[in-house]
Amino acid sequence: MKKIKLSILLLGVCLGTNVIAQDRPSESLSLINGVTTNNDLYNGAVNVTIPLFNIPVGNLTLSNEISNASNGFMPRVDESIFGLHWYANQFGSITREVNRDFLLTKYASVDAEHGLAGIYPPEGARDRETNDCIIQSQEFGNGFNPTKKRVLQDPNNSGIRSEFIPDKFYFDFFGYKGYFIFDNMGTPFVFCENAKLQVLGAASLASKCYSTIAPIDFQNKNVNEIRIIDDKGNTFYFGGSYDALEVNYSQFNFIGSYYNPVLQSTYSFSNASRANYIVSWFLKRVELNNGEIIEADYKHGDSNIFNSFTQKTLTDSSGFPTSYPTASQIDASNNEVSKSYEVSTATIDNFVSIENYTKRAIVEKIQVIGKNTTVNYNYFKDSKNLIHLGSINLNYFGKSQDITFNQAPLGGDNYRYFLTSVNKNNETYSFQYEKTDNLPPKNTYGTNDFGFWNGTSFKGIGNSSSFFNATLLKKVIYPNKGYTMFNGEKANVSKEIYENLADNISEIPINRLASKIDYDGSNEYKTNYLYQLSNGKSSGILVLRMISGKLLKQQVKYSQVQEVTENKGKIEYFFSDFATNPDDYSIKRFNTSYLFFNYKDNRAHQRGKLFKKNIFDATNKLLEEHQYEYQSFLRSESELVDLGLINCTTCKLSDDAYYVLTAIDRSSMQNGVSTKTATMYAPVIPYLLKKEKIINYLNDKQVSVETDTKYRESNIFWHPYPEEIQITTAAGISIKKYVYPYELKTGCPGLRGCSDDNTIVGGQFASYSTMVNSNIWTPVIEIVKNENNKYSLQENLFHTWPIVPKKIRNSKLNADLDFTNYKISLDKTVDQVNYDVIDNRGNYIQTTDKLGIPTVTIYGYKQSLPILKITGLTYAQLMQTLGQSTSSTDYLNLSIVTKSNADIDTSSEQSLIDELNTVRNNQSLKSYPITTYTYDPLIGVTSVIPPSGVRENYIYDSAGRLQKIVDVNGLTVKEMKYNYKN
């Protein structure tokens, strides 16, 4: 039977290369791009960021900023809530790269000779393909329990029943960016270069599964919630309810015609499939290590409105009995939806496409519980029922601040909303864009291989040369009327990469940054960007990927970029690329020669890292050179140790942190297990900076500083933080070694019954055990050998809850110690500072310095800011003097605290000042230095009265910046002036 397989855009993606199907809102696409991009210049992209607000909460900062970094206009994806090409992470989210074929696209085929055309999954394939397991694991036959190494190197004897291409879960929250996967056994592994994060899954793997061709049970916590713990002791809850999830309701359309040679007639066909699946989990709740809680409220919608969508999920020409809900029905259900559109084939004879309707997670409010802190998000809808952000309102202790987003529809009848200005603290940032006159409809076929608009209505190169920069950011105008103007140009390349680097000198019709002009209100400064190698050829590399049997152009990367500022000098940047960090194509095939993986980018995270930077002056004289080296933690697969067979104490991270990509030939299964298999090692391992050398060329002399960092290589208690830092200068070599809790917790193997040894450094076994079990990765001992080979140490002791510093002590000058023998007796140390008393939020209420002098700090404004400091007496003595009991939270009953909690205006602030002065004037406290503070919590300190009693008032301008400090008579003590600089 001769079959003609039409070209279909699969939902599969190229791992780690940003080649993500346009099956989700643009905000989630931007999140993935942010995780997988190491440097914007490596992409030739503009990156403009506007900070909006920062609110400290415990050991975290609640903040928002918007950014614009784009290389082109993707017309088939709805613009973000901030406007086209603008993105922000309002609270935090996880979005996954779906590597399964829920829509059965790979089973679409035409058999012209037998008059068949449709979507024909084999027996069992439909149930298998449409079963979505959030925690994925590989299926093995009865009696088989293989290790990962055996799956990799001996799959045909491992009882494999299923292929394994796991989803990637990308995250971005509170400064943490990365991704996690579940390996072949269902164990989570996290890729994050700035934190040691833990993903908490359900006890039962099976409970994490649901069918994508039936309404989803959104009450099932095992499906709708993901928890992550950071290495500061904070727990983050994503999803948990329908409102905090983004759900795709997708339809695959397989429409066309074929000629039957037997009947000598042309026949038409129309087939489709449907599926619904969770694509993103949004941060709903944060439980901080000090007990504070941050919560987000999302718009509550009725999920039942979409239930009929999956009443029937596979159809022939008879069509579906139900359609997608109308705009009015969606409004009535209180849901918000965005749409993305994927077209694989669009010809006279055939039309193959995927329509994705995504139920959005729209955050309406973020609040710090019990802190009088609320962030409100206000939205509006356009005439096409698409939601946009209108403003952010900050409320903090009764004070209010608005940030306004002005968006305008540009592009004619097929408009998109563009952010035209942001007004923050009475200051306005304005934005202008390229070619916004006549934009295409959102279902246009007119895109090139990169997915960007080609200026026409037809798929292909089109008129890309003229529209490569359409809709991109052209100009930013600052509040002082200074500006930055961006100029783009068409890209060019000298190399291309599919499996191997090859020569390809060509022009590519996508945008890259060519120059920018900065104007500060008086002068213009022009900076040009050159993408050239030392031989004069382009440093661009065209990335090619096999998608649905087609070799398509996907990206351009630049291994070398020059940033030349006219009359000032230049900076040369050199990035790791496909030549310095090629992929490892070590596909192992067993009893087969044709099985392969569409994606093999298992070193993508290593590319785009800066490995050299040269700084020149205006005369082209080299001033400074920076050299960087990174550690991959990878070793040869021939050295791979099977952790499932031995209790290994010398194993490496690469023996553990990986999964095995597995492809199988289902036509060759025997007794339900695979006999023809291909496997590939896929690491989940960071690429960390291990060496930085800076050479200064001063007066024709070289002065260099080299910093070498050593990390833990063992898989046991691995973390991304330094274990040793060595600094080499002309004066000699200094080394600092860090000792972490896991290295010392052997004295306390369990959680209870630990006995500390309080006679030596490193004897706080109970504390170490608590820190390890709470995923706290903070050094407890720091040992330094200076340039004269003299050793010293600092020991950091911690309270058990909250886990915050309790004491810092240093070794005495005559202490005999080294990197191995550092558990010296305490008589060889001296206390530097003691954090004697903490409250229930981890605030330091009493500290004692090395001279034994205590300082008491009283916190107000809901325990968030210090309002009184007094030196020379203890917390207990102060509280007894003020007639209060002495527990660590009894200070909350003081009048100065309750009045600070009520400080919302000038009158209430004066009442607080009066009460603070009452304490200052207490006769029993006259001999102790006292400093008091008041605040506008949204802006900063408003008054300080030092021990002298001379009050200083802090005056801010309309933008919330400190303008001047004045005394009680209004005379200026200090004044600040501000100028804008890009």
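Start by selecting Asp583 in this predicted model. Asp583 is buried, with a relative accessible area of 11%. Now add Arg607, which is buried too, at 5%. These two form a salt bridge, and their closest N and O atoms are 3.3 Å apart. Trace the chain from each end of the pair: Asp583 sits in the loop between β34 (569–575) and β35 (588–590), while Arg607 sits in the loop between β35 and β36 (610–616). The pair is 24 residues apart and links distant parts of the chain.

What could bring such side chains together? Side chains of opposite charge can pair when their charged atoms come close.

**More salt bridges**

Next, select Glu292 and Lys371. They form a salt bridge, with the closest N and O atoms 3.1 Å apart. This pair also links distant parts of the chain, with the two positions 79 residues apart. Look for Glu292 in the loop between β16 (265–287) and β17 (293–298), and for Lys371 in the loop between β21 (363–368) and β22 (373–381). Are these residues buried or exposed? Glu292 counts as buried because its relative accessibility is 6%, and Lys371 counts as buried because its value is 7%.

Move on to Arg150 and Asp154, whose salt bridge has its closest N and O atoms 4.0 Å apart. Here the surroundings read differently in the viewer: Arg150 is partly exposed at 37% relative accessibility, and Asp154 is partly exposed at 29%.

Then select Arg96, Arg100, Asp132 and Asp167 together, and you have a network of salt bridges. How many salt bridges does a search of the whole structure find? The total is 38.

**The disulfides**

Now show the cysteines. The structure has two disulfides. For one of them, select Cys133 and Cys209, whose sulfur atoms are 1.9 Å apart. Viewed along its S-S bond, this link is right-handed, with an angle of 105°. Cys133 lies in strand β7 (residues 131–133) and Cys209 in strand β12 (residues 209–211), so the link connects distant parts of the chain, 76 residues apart. Cys133 is buried at 15% relative accessibility, whereas Cys209 is partly exposed at 22%.

The other disulfide joins Cys648 to Cys651, with an S to S distance of 1.8 Å. Turn it around and you will find a right-handed link, with 110° about the S-S bond. Both of these cysteines are buried. While cysteines are on screen, click on Cys192 as well: this residue is buried, with a relative accessible area of 2%.

**A buried isoleucine**

Select Ile160, in the loop between α4 (148–153) and β8 (168–173). Ile160 counts as buried because its relative accessibility is 0%. Show what surrounds this residue: Ile160 touches several residues from elsewhere in the sequence, including Phe140, Val151, Ile664 and Val673. Met669 is among its contacts as well. Ile160 and Met669 are 509 residues apart in sequence, yet their C-alpha atoms are 9.5 Å apart in space.

**A three-stranded sheet**

For the last stop, switch to a cartoon view and find the open sheet of three strands in the order β1-β2-β3, with antiparallel pairing. Which strands are at the edges? They are β1 (48–57) and β3 (86–88), each pairing on one side only. From one strand to the next, the twist averages 10°. Zoom in on β2 (residues 60–68), which is joined to β3 by three bridges. Finish on Asn68, whose bridge partner in β3 is Trp86.

How values were computed:
Residues numbered from 1 in each chain as written. Predicted model: local features only at pLDDT ≥ 70, side-chain atom pairs only at ≥ 80, totals over all residues. Heavy atoms only, no water. Pairing = 2+ DSSP bridges. Helix = DSSP H or I, 4+ residues; strand = E, 2+ residues; numbered from the N terminus. Axes fitted to C-alpha atoms, helices over the stretch in contact; angles between N-to-C directions. Buried < 20%, exposed > 50% of the residue type's maximum accessible area, 1.4 Å probe, protein only. Contact = heavy atoms within 4.5 Å. Disulfide = S-S within 2.5 Å. Salt bridge = Lys/Arg side-chain N within 4 Å of Asp/Glu carboxyl O. Lists of a residue's contacts leave out its neighbours within four places in sequence.
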